[in-house]
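Open the model in your viewer and switch to cartoon. Have side chains ready to toggle as the stops come up.

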Amino acid sequence: MIWQPLQPPEAEIALDRVLRSWLGTPYIIGQRLRGVGADCVQLVVGILDQLERRVVPSIVPRLPWNCAIHSVRAAFSTVRAIRTAFPSFVVRDDVVEPGDILITRPTTNNRSAPRPGHVLIVSPRKNIALHTTCETAACWTSIHNLEILRTYRPRNKHLWM
């Protein structure tokens, strides 16, 4: 995996400030309120809304717990909704930069679950992302050992200042 800093540097500083403001937000399924509660999808959407200074929150389907393991169609419809709300493109190489949205396999010991099941957002700290799970409040995690299925890059990250 190749690490690439976000340009301009002011966008990276803004991203870091927003991500840190979501740290410690408890995991609450279907919620999106900084410091109060969010699930992995709503955490990423809330962060992107804040970075883009949206007054009206983006509409993204709220999924039941572990939906991606049991309902692939619902999981992919949520990913499509995120990509619609925040126009992005699929990264086709191994380059990762701050603000990228990662779709990974479920963070569970159930190896028989072959579907995408987790959403994270890459931080300006090299190879670190912010995420939340039903076991943890929003926290940093390494992306080195994750099985990344897709990387989406929002098109307007240069405006996050």
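Which residue in E7 does Leu102 stand opposite? Select Leu102 and look across to E7: Leu120 stands opposite. Keep in mind throughout that this is a predicted model.

**Stop 1: strand E6**

Select residues 101–104, which form strand E6. Show the side chains. Ile101 and Ile103 point one way. Leu102 and Thr104 point the other way. All four of these residues are buried, because each has under 20% relative accessible area.

**Stop 2: the two neighbours of E6**

Add residues 118–122, strand E7. E6 and E7 run antiparallel and are joined by 4 bridges. Now add residues 148–154, strand E10. Here too the run is antiparallel, with 4 bridges to E6. Pick Thr104 and find Ile148 of E10 opposite. Go back to Leu102: its bridge partner in E10 is Thr151.

**Stop 3: the whole sheet**

Zoom out to the open sheet of 6 strands. Trace the order E4-E10-E6-E7-E8-E9, with antiparallel pairing. Which strands stand at the edges? Select 88–90 for E4 and 136–142 for E9. Each has a single partner strand, so one side of each is left without a neighbour in the sheet. Rotate the view to see the twist: neighbouring strands are turned by 30° against each other on average, direction ignored.

**Stop 4: the cavity**

A search of the whole structure finds 1 cavity of 30 Å³ or more. Its volume is about 30 Å³. To locate this cavity, select its lining: Val79, Ile82, Arg83, Ser88, Ile101, Ile103 and Tyr152. Ile101 and Ile103 are the pair that point one way from E6. Which element gives the most to the lining? Helix H4 does, with 3 residues. Select 72–85 to show H4; this helix and E6 each supply at least two lining residues. Colour the lining by class: 5 residues are nonpolar, 1 is polar and 1 is charged.

**Stop 5: the cysteines**

Now select the cysteines. How many disulfides does the structure hold? The count is 0. Pick Cys134, which is in no disulfide. The nearest cysteine sulfur is that of Cys40, 9.6 Å away. A disulfide needs sulfur atoms within 2.5 Å. Is Cys134 buried or partly exposed? Cys134 counts as partly exposed, because its relative accessibility is 38%. End on Cys139, also partly exposed, with a relative accessible area of 23%.

Notes. Residues are numbered from 1 along each chain as its sequence is written. This is a predicted model: local features need pLDDT of at least 70, side-chain atom pairs count only at pLDDT 80 or more; totals for chains, interfaces and linings use all residues. Side-chain values use heavy atoms; hydrogens and water are left out. Buried means under 20% relative accessible area, exposed over 50%, partly exposed in between (1.4 Å probe, protein chains only). Two strands pair if DSSP finds at least two bridges between them. On a 1 Å grid over the protein atoms alone, a cavity is a set of points where a 1.4 Å probe fits but cannot get out, and a pocket is an open set with protein on both sides within 12 Å along at least five of seven lines; lining residues have an atom within 4 Å of a point. Grid points are joined across faces, edges and corners, and a volume is the space filled by probe spheres set on the points. Ala, Val, Leu, Ile, Met, Phe, Trp, Tyr, Cys and Pro count as nonpolar, Asp, Glu, Lys and Arg as charged, and the others, Gly among them, as polar. Axes are lines fitted to C-alpha atoms, for helices over the stretch in contact, and angles run from 0 to 180 degrees between N-to-C directions.
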